[in-house]
Every structure is written in structure tokens, then in C-alpha cells.
Amino acid sequence: MATSGLSRRAFQGLAAGAALAAPFVRGAHAAGKLSMGFWDHWVPGANQATTDLVNAWAAKEKVDVQIDYITSQGNKNRLTIAAEAQAKAGHDIMALPSWEPADKAKLLEPLDELMGPLIEQNGAVDPTVAYLGKADGHWICVPATVGSQIKGPCSRIDLLKQHADVDIQALYPAGSPAKAEGWTMDAYLKAAQACHKAGFPFGIGVGGTADSVDSAGAIFSSFGAVLVDGGGNITVKSDAVRQALDYYKQLVAVMPPDIAAWDDASNNKWLVSGKGASIMNPPSAWAVAKRDAPQIAEQLWTHGMPAGPKGRYAPFVPYFWGVWSFSRNKSAAKSLLMHLSQASSVEKMVAASGGYDLPSFAKLTTFKTWAEEGPPKGTLYHYPNPHNHQVLSMAGAPAPPKIAVQIYTQAIMTKMVARYAQGEAMEKTLNWAASELEGFMRT
């Protein structure tokens with residue numbers, strides 16, 4: 001069923017700004033009505049850019065629109081998606097978190113006719129986007145700018161330089177390609193050990209929430225550690241997985257003792273508090289520090305992942321926009337998605353989010369927002385991976401999505417790390433994981 005109006009937070013923001021009627025267009029109804037359920041952004045003011053873009057399109061096309069901004073707190077967005085899928089009624093367009101397109105593929109309108117022209121004009125999309133956004137060889141959604149993010153390292157310039165002899169700005173200079181050949185998993189571990197010794201540990205959670213799981217997925221990938229391969233075969237008992245666990249055990253030993261209990265707010269708080277030297281996250285911690293701890297913000301640098309034996313992988317979490325197959329106005333929905341995916345529209349959304357949101361198209365990674373945001377100026381330059389310095393990856397891949405999503409949501413990788421780091425024998429940890437994965441095959 002459709003949500004009834006704006007979320008509380010979006011309502012408050014609009015009421016404070018002026019008119020409650022801002023998200024609605026009173027047109028001539030020439031092209032009918034269109035409703036959309038968008039993700040309610042964490043960044044204050046970011047929703048307004050989307051509202052403005054929708055309203056401008058609606059006024060031109062004479063479509064009567066309704067926008068509902070639906071929070072992800074308490075998984076309200078996912079509950080709304082599930083309810084609409086069951087009822088086969090609700091919004092025309094829905095914002096879909098990473099795993100939802102595969103789960104709802106049979107209820108989504110094919111969008112090949114949009115993605116062909118968009119890829120031609122905006123450049124190729126990352127393979128992770130295709131892995132999540134296609135079913136049976138067809139695009140079933142469009143990659144959304146809003147909500148898409150890379151959860152790479154954000155580190156203290158001063159602490160890395162003082163305690164670990166690492167000049168992170170020299171490795172990842174603003175305005176230039178990375179010079180990070182020596183920035184490896186071994187170098188990262190040595191830096192973490194040095195900062196821990198100095199009293200400023202790195203903070204990477206090994207809990208069950210998304211930030212922890214995404215970090216683990218990238219680190220496992222850097223060792224070539226795959227739990228289930230693309231054919232659905234269980235591959236957890238491999239040398240690569242053993243290497244990843246051995247590495248993680250060393251890393252966990254020099255991080256805060258409570259990281260197994262961390263949620264998605266813990267790493268942000270750790271960095272902003274001044275206690276930590278590095279975390280893995282999109283620029284939300286830096287944005288909060290700008291507001292609450294500017295002396296810390298001016299020392300933060302968002303940069304690339306360390307490289308492992310099998311490559312340099314970064315945690316990538318794309319969002320999507322989908323059109324329900326039961327939409328009553330598919331033509332208007334497709335027209336709006338084309339409008340929101342134009343470079344001029346994307347740039348406005350990126351600017352409104354302070355650089356947090358990421359387009360998935362190759363030609364849209366060099367907007368001035370990332371080069372100019374600060375302090376310090378250029379801190380976000382490498383955030384969108386402008387020089388393809390690293391491979392973007394999704395935790396749980398390359399397993400078939402219906403298996404991968406269970407690996408992800410059940411946090412199998414971080415549970416393995418926690419068990420092994422707490423002293424469980426390697427083979428017992430691997431046997432436990434294999435048993436869990438076998439269960440996923442039966443569901």
C-alpha cells in the first residue's frame with residue numbers, strides 16, 4: 001500500500017521552509033498523475049534538490065505528482081516496498097536499496113529502453129550495478145544517484161602522519177590520480193598498529209549492520225576470498241578465506257574491544273569524538289564533524305582502500321529507482337527517471353548532498369563538488385573513484401543474488417571474523433560458515 005503523505009522529517013523540513021504543498025504540482029493533468037516513494041536522505045536539505053527537479057519536470061510535462069520521502073530508520077522503506085509488492089498497489093516509482101531489485105524482479109517494469117541511451121550518454125556503469133540491477137539479462141531498474149555511496153576509508157591526516165609516518169594526502173592528492181602503489185593491506189595493518197599504540201585506534205566494526213558487512217566484503221575481496229561463487233557453489237573452505245581471516249584477526253587485535261557490537265553510527269561517533277584515526281564510511285562522519293567538531297573535520301581525508309594480494313576493492317552500495325509493473329503511469333515514470341538521470345540533474349543532487357551521493361555512470365564522477373568541498377579543500381576528491389583506482393564491490397558477490405543477500409543480511413563474514421578473532425579454531429569457524437551457507441541454498 002502507498003504511504004500516506006510525507007515522512008515526519010520531510011514534512012518538518014518543508015513546513016519550516018515554506019509551503020506544505022511544495023512537493024505537489026497542480027498541473028493540467030494532461031499526462032495524468034505520478035507518485036513516487038523516495039529514500040528520506042540523511043543529509044539535511046538533500047531532499048529538496050530532488051523535489052525541485054521533480055517539480056520542474058512535472059510543470060513542463062503537466063503531470064500531477066506526489067512525493068513521499070520514506071525513512072530507512074527501522075527499515076520503514078523496506079517494509080513499504082514489501083507491502084506494495086504484496087498488495088500490487090502503491091507508488092509508481094520506488095527507491096530500492098541494493099538487494100531489492102533482485103528480490104522484486106518479477107514485479108518491476110523492464111527498463112532496457114532507458115538504460116541503453118543513459119549508458120551511451122553517461123558512460124558505462126560499474127559491474128556491481130549490473131549485478132544488482134539486471135535480471136535475466138534485462139535492466140529492471142535505473143541506478144539512483146541519491147543514496148548510492150562508497151564506504152572507503154576516512155582518516156586523520158595529522159594522526160597518520162604523526163604516529164604511522166603515512167602522508168595520506170601525498171598518496172591521494174586532490175586533483176590528481178592516486179600515488180598509492182605502496183598502500184597495501186600490510187601497510188594499512190602497520191598504520192593501524194602504530195595508531196593503536198599511540199592511543200588512536202582505527203575503528204572498523206565487525207557487527208551485523210551494513211557498515212561492518214560492507215567493510216568486510218571489500219577486505220575479503222582483496223584476498224580473493226569468496227564464500228559462494230557465481231555458480232552457487234560453496235567455496236568458503238579456501239586458502240583465500242583463511243588468509244582473509246588471519247589478516248582480520250591481526251586487525252581486530254588493534255581496534256576498539258567493542259567493535260563486534262558496533263552499529264552504523266558507532267564508527268561515525270568514534271571518528272568525530274577524536275578517539276580514532278581512521279574508519280570506513282561515506283562522507284557522513286566528515287559532514288557531522290564539520291558541524292560539531294570543525295577542528296577534527298579539517299584533519300579528515302577521504303581516500304582509497306589498501307590493496308590486497310588480489311587487488312584493491314572498495315565497498316560500494318548502490319541505490320536504484322524502479323517502476324512497478326502495476327504502475328498506472330509507466331510512460332510518465334520512465335520520462336521522470338530519464339530526467340533525474342541527466343548529468344545536469346545528477347550534479348544538483350550531488351551538490352545538495354555535499355558530495356555524499358554518487359552517480360553510477362563512468363562520465364559523472366568529476367563534478368566540482370568533490371574537488372571543492374572542504375575543509376580541507378579536496379578532501380572528497382577521491383571519494384567517487386574518479387581515476388578508477390579501485391574495483392567497486394558488493395559484499396556477498398559474486399554469489400547468485402538470492403544467496404548473496406542472505407550472506408549480507410545475516411552478516412556471515414563479520415560473524416566469521418568475530419568468532420575467529422575471539423579464539424575459535426579456524427576449521428570450526430569455516431565449518432560453521434559452510435553449514436550456514438548450505439542452509440541458504442535450501443531457502
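**Aromatic pairs, cysteines and the surroundings of Ser98**

In total, 13 aromatic pairs are present in the structure, which is a predicted model. One of these pairs is formed by Phe220 and Tyr248, whose ring centres lie 6.3 Å apart. The planes of Phe220 and Tyr248 meet at 50 degrees, and the pair is accordingly classed as tilted. The two residues belong to distant parts of the chain, being 28 residues apart. Phe220 is contributed by helix α10, which spans residues 210–222, and Tyr248 by helix α11, which spans residues 239–252. Both partners are buried: the relative accessible area is 1% for Phe220 and 0% for Tyr248. Each is assigned to this class because its value falls under 20%.

Elsewhere, ring pairs join Phe38, Tyr69 and Trp321 into a cluster. An aromatic ring also takes part in an arrangement with a charged group: the charged end of Lys249 is placed over the ring of Tyr420, at 4.6 Å from the ring centre.

The cysteines were examined next. The number of disulfides in the model is 0. Cys154 is therefore in no disulfide, since the nearest cysteine sulfur, belonging to Cys195, is 13 Å away, whereas a disulfide requires two sulfur atoms within 2.5 Å. Cys154 is nevertheless buried, with a relative accessibility of 3%. Cys141 is likewise counted as buried, its relative accessibility being 0%.

A further position considered is Ser98, which is located in the loop between β3 (93–96) and α4 (100–103). With a relative accessibility of 5%, Ser98 counts as buried, because this value is under 20%. Beyond its neighbours within four places in sequence, Ser98 is in contact with Leu132, Val317, Pro318, Phe320 and Met394. For one of these residues, Pro318, a polar contact can be described in detail: the side chain of Ser98 reaches the backbone oxygen of Pro318 at a distance of 2.6 Å. By comparison with these contacts, Gly74 is 24 residues from Ser98 along the chain, and the C-alpha atoms of Ser98 and Gly74 are separated by 17 Å.

Note on methods: Residues numbered from 1 in each chain as written. Predicted model: local features only at pLDDT ≥ 70, side-chain atom pairs only at ≥ 80, totals over all residues. Heavy atoms only, no water. Phe/Tyr/Trp six-rings, centres within 6.5 Å; stacked < 30°, edge-to-face > 60°. Helix = DSSP H or I, 4+ residues; strand = E, 2+ residues; numbered from the N terminus. Buried < 20%, exposed > 50% of the residue type's maximum accessible area, 1.4 Å probe, protein only. Lys NZ or Arg CZ within 6 Å of the ring centre and 35° of its normal. Contact = heavy atoms within 4.5 Å. Polar contact = N/O pair within 3.5 Å; in protein donor to acceptor, adjacent residues only side chain to side chain.
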